[in-house]
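Me: I am new to this structure and should be grateful for a close look at one part of it. Please take the largest pocket, and then continue to the elements and single residues that can be described beyond it.

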Amino acid sequence: MLLLVAVAAAALVVQGRYDAERSAEDRSLAAAEAFAHAPGTALALRSPHPTARLQAATEQAQKGARVDFISVLDRHGVRLADPETGLIGTQAEGVGRAAAGETFTETFHGEPGDAVRAVVPVTDASRRVVGMVTAGIRYANVSHVLNRQLPILLGAAAAALVLATGGAALVSRRLLRQTHGLGPAEMTRMYEHHDAVLHAVREGVLIVDGDGRVLLANDEAHRLLDLPEDADQRRVGELGLGPRLARLMDSQETATDEVIPAGDRLLAVNIRPTAPYGGAQGLVATFRDTTELRALSGQAEVARGRLSFLYEAGMRIGTTLDVRRTAEELTEVAVPRLADFVTVELLDSVLHGQEPTSAVREMRRTAMRASRTGHPLQPVGEVIRFVMADTPMASALRQGKAVLVPDLHNAQDWRAQDPEGALRALDYGIRSLITVPLRARGVVLGMVNFWRGTGTPRFDEEDVAVAEELVARAAVAIDNARRYSREHALAMTLQRNLLPRGLPEQDALEIASRYLPARSGVGGDWFDVIPLPGFRVALVVGDIVGHGLQAAVTMGRLRTAVLNFSSLDLAPDELLGHLDEMVTRLDTHGGTTDDDRVPLTGATCLYAIYDPVGGHCTLSRAGHLAPAVVDPQGGVVFPDLPLSPPLGVGGHPFEAGELDLPEGSRLVLFTDGLVENHGRDIDEGLELLSSAIAHADRTPEETCRALVETMLPGHPSDDVALLVARTRLLAPSSVATWDVPFDAEAVSRVRGEVSRRLADWGLEGVAFATELILSELLTNAIRYGAPPVRVRLLLGRTLVCEVSDGSNTSPRLRRAATTDEGGRGLFLVSQFADMWGTRYAPRGKVIWAEQNLESAPEPDASALFDVMGL
């Protein structure tokens, strides 16, 4: 009752304090909000002399709201008006939340004093905070209200305590009066209950008086000690107890769980004196049979050991996703704790990561472990065949469960497979076998054999249960490793087919590349080198978020898209724009919310086009790191190129950057796995990369090798794509350019100049085809295009003829009818050129045709006659 009254009083005090504080907060908040939202407060805060305009108003508002203070602060927390004029101009504490636009109340502890206060921001018409208003009640005044209520609360608690004490005393007196002077019936019933309990317990009880005579022996004591029927009132020495137990009873000493043999039993004996509980001097001895308990304890210890063994096996088996290593871990766990020799045979399909077949009569020994050397068992790597149907191994495979052969000497069926080998095993000392099929998901993966030799107990049924559980756990781990091997091999094969198999031949750049998979396997980084018309080359590096088969598939989709878009000869920023639209469309229509496919959104890409005519390079990047540029003297810079969001974000235009690269410069494109890992941030990685490539006269291959050795000493945590290109320039003598007047009569003049230039280059063999191509393209440009018109010849491993004009109208190949006067020019161009096409420039377009100098194409005569209407 005392505790109840104390808790109730404390609860009332706490509730009173809580109510007083809440009331103070409500009053403070109402006063602060009223003053803050008053029409003139914001204007006064923005006036030249806010203190003069606000001081009198705050004093009146304080008195009217019955609060201890109202202060006005500017938006930096400096007091502009306060009841204590000495605080004007000082900094208020803890008002940062209100400066950010939040209204709050709190119990403030600090200068100028503890108080319950409210802080309200003052905002102007545009909702910007121009100041703050604080209003509050000092904490001493809040506590004063509670202190006036405290005597009443304590008095009520004392009165309740007095009443409770009186009531408890009356109840106790009544109970004492009712329990005194028990009658004969109640006493008899009480002793009957005691006697029933004494004789029903499964523990022997022997009560002996001070003279050594037995006063009471219950039924369990008679059974455990083999006491005679008339044991009561006889001396302990006359009961025929063992010498050790009789001596312990005669000594009258206290004993606790003293284990003493009594016949074929082990008894735990406890002895205690009866005084002062039993009146006269004597002792009480209790006896508990521990024989069965010890046997059960031994069995429990064996079971605990087996559980511990299986737990350890679960921790040690399957630490890697390697099939052979998992089989070896199984043998390491089982020897010598379960068997002296363990062999593991697996199907060849399982070893190669394939699905298990139904042909289980032939397996390969994958792992073996022995506690002794010189054993006659077949070594690892040999093929084990189960051709005899009555051997234990074949029987286990047929039944799908373990087979026990406790004594190999008396078993004849296991000798049928290899009689000579069986005889050698018996001579060596192998005498007991458990063979267990290795099964997972209902399919046989292999076979595990446990052998015991001389000096070790034979296997029994309990060992079979342990062996089956051990093999079941190992089977799951081996199957997981097999499936991982299969999926990893599939992903690696897919990735190898999706990545470039080799770098294309071209004259503009000397290129070397590297792709390093991550420690976890397949990733989504990729690179590409794409020759473009006019001896230009596109360089691509991209990075897909995530790893695994889905990342490789996603990489293949993006790489294919880039190859397709590059065939349109788009500018880098336009190409990335189309790629971004494709990614957004695929992610939007790609599947349901529970689809486990990797989304394309978040992929990064860098696309660069290098033109060897002048060494100009145009780059655009979508969330990708900028490349490193190494000048011919070995200086390294990371150009400041426009950065656009990753692919799939959408809503942002892509921009392109321009670089002019002298001949011999190196352009290093890479993914973030090269410069960033768990132990190194990206800035440190870029510095390390810069120092690794800052060497003049290094080939791209040497640069790749140096980067890999410096940046990636071990297995990288993320996959890495690396592309190093050293620039070349097309010789000025291999470039010829003519500005053509916008007049059809200029075609013949330009054709003649082109013929002379081809003769200077020694290309008379292609002069006819080139003149025909030039005539058709130049005539179309003057007839259907717009000025300015320009002709350019480029000589490399092929001959490229380009005609540009100021029109964006693109010609297209079509079959002209017999009555048409035109429409056959592009068909003739397609017949005499190996390739032709159109690309758009910032102003106008360029139509180009490329001829192979080693084998000039032979036009289809019948097609020419057909198109000419002959």
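Reply: The account below begins with the pocket, continues with a helix, and ends with individual residues. The model is a predicted one.

The largest pocket has a volume of about 1000 Å³. Its lining comprises 33 residues, and those nearest the centre are R839, Y840, A841, P842 and V846. Several elements contribute at least two lining residues each: the helix α16, together with the strands β20 (604-611), β21 (616-622), β28, β29, β30, β31 (835-840) and β32 (845-852). By class, 14 of the lining residues are nonpolar, five are polar and 14 are charged.

Three of these contributing strands, β28, β29 and β30, also appear in the surroundings of helix α19. This helix covers residues 746-760, 15 in number, and extends 21 Å from its first C-alpha to its last, close to the 21 Å expected at 1.5 Å a residue. Within α19, the buried residues are A746, V747, V750, V754, S755 and L758. An α-helix has 3.6 residues a turn, so residues three or four places apart point the same way. The buried residues of α19 pack against β28 (735-740), α20, β29 and β30 (798-805). After the helix comes G762, which has a positive phi near 75°.

Helix α20 (767-784) leads towards β29 (789-795) through a loop that holds P788. The peptide bond between P787 and P788 is cis, with omega about 0°. A second cis bond runs from V335 to P336, with omega near 5°. P336 belongs to the loop between α10 (323-334) and β11 (341-346).

Helix α16, which also supplies residues to the pocket lining, is preceded by a loop of interest. D569 is placed in the loop between α15 (549-566) and α16 (572-588). Although D569 is not a glycine, its phi is positive, near 55°. D569 counts as buried because its relative accessibility is 8%, under the 20% limit for that term. R441 likewise has a positive phi, of about 55°, without being a glycine. R441 sits in the loop between β15 (430-440) and β16 (443-453). R441 is classed as exposed because its relative accessibility is 52%, and exposed means over 50%.

Two further loop residues may be considered. T671 is located in the loop between β26 (666-670) and α17 (682-693). T671 has a relative accessible area of 0% and is therefore buried. Leaving aside residues up to four places away in sequence, T671 touches D525, V541, G542, D543, H624, D719, V720 and A721.

Q378 occupies the loop between β12 (362-370) and β13 (383-385). Its relative accessible area is 33%, so Q378 is partly exposed. With residues up to four places away in sequence left out, Q378 touches R365, M368, V383 and I384. The side chain of Q378 also makes a polar contact with the side chain of E382, at 3.2 Å. The C-alpha atoms of Q378 and G421 are separated by 9.0 Å, and these residues are 43 residues apart along the chain.

Terms used. Residues are numbered from 1 along each chain as its sequence is written. This is a predicted model: local features need pLDDT of at least 70, side-chain atom pairs count only at pLDDT 80 or more; totals for chains, interfaces and linings use all residues. Side-chain values use heavy atoms; hydrogens and water are left out. Helices (H or I, at least four residues) and strands (E, at least two) are DSSP runs, numbered from the N terminus. Buried means under 20% relative accessible area, exposed over 50%, partly exposed in between (1.4 Å probe, protein chains only). Contact means heavy atoms within 4.5 Å. A polar contact is a pair of N or O atoms within 3.5 Å; within protein, one must be able to donate a hydrogen and the other to accept it, and residues adjacent in sequence count only if both atoms are side-chain atoms. The expected span of a helix is 1.5 Å times one less than its number of residues. On a 1 Å grid over the protein atoms alone, a cavity is a set of points where a 1.4 Å probe fits but cannot get out, and a pocket is an open set with protein on both sides within 12 Å along at least five of seven lines; lining residues have an atom within 4 Å of a point. Grid points are joined across faces, edges and corners, and a volume is the space filled by probe spheres set on the points. Ala, Val, Leu, Ile, Met, Phe, Trp, Tyr, Cys and Pro count as nonpolar, Asp, Glu, Lys and Arg as charged, and the others, Gly among them, as polar.
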